[in-house]
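Student: I've got a model open and a pile of labels to make sense of. Can we go through what earns each label?

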Amino acid sequence: PDALRDVRITRVKMPVGELLQVEKYLPGSYCWAYQEHYIKDWRDLKAIRYWYEHTFYQPDYGLAEARYELIGDNGLVLCYLPRSPLMEMIAVLGGIQAVTYAMTDAPDEFDETIAVMEQKSDEAAGIALNSPAECLMIPENLSSEVVGKRRFNQYMRDYEERWNRKIRAAGKYSFVHMDGRLKGLIREVASTGFSVLEALTPAPAGDLAIEEIQSWVEEDTVVWGG
């Protein structure tokens with residue numbers, strides 16, 4: 001039936017447990033929407049750690065190289081690093097509600113899981129850093145009503161500052177995907193050293209007028225509207 005073709009189910013079975021994700025295709029927006037996340041509550045964190053601990057990465061730069069051949073002098077090639085672990089949890093693995101409860105119900109186990117994920121994210125980010133791309137994006141999908149200053153400084157600042165330093169040292173440009181509400185976090189994000197803040201949503205959908213945005217970021221930061 002068409003209804004079943006529009007549903008994608010991913011099941012991850014491990015010795016320590018099982019994780020299940022359900023997505024539904026939305027033809028109106030040409031994307032998949034999460035109906036059920038891997039993380040339901042803090043009890044799933046053990047399985048997440050096992051999954052990440054047993055994940056390994058290998059470089060494959062073929063697509064980036066092909067893009068250079070395609071665009072020539074007409075554009076730039078941009079590749080992605082992983083999200084910071086907190087945003088990976090919120091945007092992909094659990095959603096904001098389950099992540100908030102897990103953070104509250106089992107804070108030590110939550111922080112242990114973040115540490116495992118960050119170690120693996122660093123491995124993948126190192127591969128992206130060595131890609132042919134001169135532009136590298138951390139695709140946070142960050143909005144300040146979801147992650148406030150305290151959680152940003154606790155869980156995200158170190159990751160973003162560390163990889164901004166590495167990207168600049170490699171002679172490349174760093175990007176971050178930040179949309180939604182800006183006022184609560186844009187200064188903090190800009191201060192980590194990104195070359196470009198991308199997908200910024202101005203008023204009336206966002207909370208900053210387009211004429212104001214540049215005054216909220218570092219002097220040499222490029223702002224790119226979404």
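Tutor: Sure, and keep in mind that this is a predicted model. Let's begin with the hairpin: S1 is joined to S2 through two residues.

Student: How do you know that S1 and S2 count as paired?

Tutor: Pairing takes at least two bridges between the strands. Eight bridges join S1 to S2, running antiparallel, so the pair passes that cut-off. One place to look is Ile9, which stands opposite Val22 in S2.

Student: What makes S2 and S3 a pair?

Tutor: Same test. Strand S2 (residues 17-26) and S3 share five bridges and run antiparallel, and the requirement is at least two, so they pair. Lys24 stands opposite Ala33 in S3.

Student: Why are S1 and S3 called edge strands?

Tutor: The sheet is open, with three strands in the order S1-S2-S3 and antiparallel pairing. Strand S1 (7-14) and strand S3 (31-36) each have a single partner strand, so one side of each has no neighbour in the sheet. From one strand to the next, the twist averages 30°.

Student: Which helix lies across S1 and S2?

Tutor: Helix H2 (residues 45-53), running at about 85° to S1. An angle from 65 to 115 degrees counts as roughly perpendicular, so that word fits H2 against S1. The buried residues of H2 are Leu45, Ala47, Ile48, Arg49 and Tyr52, and they pack against S1, S2, H4, H5 and H6.

Student: What about H4 and H6: what makes H4 roughly perpendicular to H6?

Tutor: Two packed helices are described by the angle between their axes and the distance between the axes. Here the axes of H4 and H6 come within 9 Å and cross at roughly 100°. That angle lies in the 65 to 115 range, so H4 is roughly perpendicular to H6.

Student: Which residues of H4 and H6 meet there?

Tutor: From H4 you have Pro85, Leu86, Glu88, Met89 and Leu93; from H6, Phe110, Thr113, Ile114, Met117, Glu118 and Ser121. By class, the contact has seven nonpolar, two polar and two charged residues.

Student: Why is Gly95 called buried?

Tutor: Its relative accessible area is 10%, and buried means under 20%, so Gly95 qualifies. Gly95 lies in helix H5. Leaving aside neighbours within four places in sequence, Gly95 is in contact with His37, Met89 and Ile90. If you want a spacing to check, Gly95 and Val7 are 88 residues apart in sequence and 18 Å apart in space, C-alpha to C-alpha.

Student: On to the other sheet. What is its strand order, and which strands are its edges?

Tutor: The order is S4-S5-S6-S7-S8, an open sheet of five strands with parallel pairing. Strand S4 (78-80) and strand S8 (222-225) are the edges, as each pairs on one side only. Neighbouring strands are turned by 30° against each other on average, direction ignored.

Student: How do you know that S7 pairs with both S6 and S8?

Tutor: Count bridges against the cut-off of at least two. S6 and S7 have three, in the parallel sense, while strand S7 (residues 196-200) and S8 have four, also parallel. Both counts reach the cut-off, so both are pairs. Val196 is a handy marker: Phe175 stands opposite Val196 in S7, and the bridge partner of Val196 in S8 is Val222. Further along, Leu200 stands opposite Gly225 in S8.

Student: What makes S7 "mostly covered"?

Tutor: Five of its five residues are buried, and buried means under 20% relative accessible area.

Student: Which helix packs on this sheet, touching S5 and S6?

Tutor: That's helix H7 (residues 149-169), which touches strand S5 (135-142) and strand S6 (173-178). Its direction makes about 170° with that of S5. Angles over 145 count as roughly antiparallel, so H7 is roughly antiparallel to S5.

Student: Where is the kink in H7 centred?

Tutor: On Met156, with a bend of about 55°. Met156 is also one of the buried residues of H7, which include Phe152, Tyr155, Arg157 and Trp163. What covers the buried residues of H7 includes helix H4 (85-93), helix H6 (107-129) and helix H8 (186-190). Just after H7, Gly171 takes a positive phi of about 75°.

Key:
Residues numbered from 1 in each chain as written. Predicted model: local features only at pLDDT ≥ 70, side-chain atom pairs only at ≥ 80, totals over all residues. Heavy atoms only, no water. Axes fitted to C-alpha atoms, helices over the stretch in contact; angles between N-to-C directions. Contact = heavy atoms within 4.5 Å. Bend = angle between axes of the 7 residues up to and from the residue. Buried < 20%, exposed > 50% of the residue type's maximum accessible area, 1.4 Å probe, protein only. Parallel < 35°, antiparallel > 145°, perpendicular 65-115°, else oblique. Nonpolar A, V, L, I, M, F, W, Y, C, P; charged D, E, K, R; others polar.
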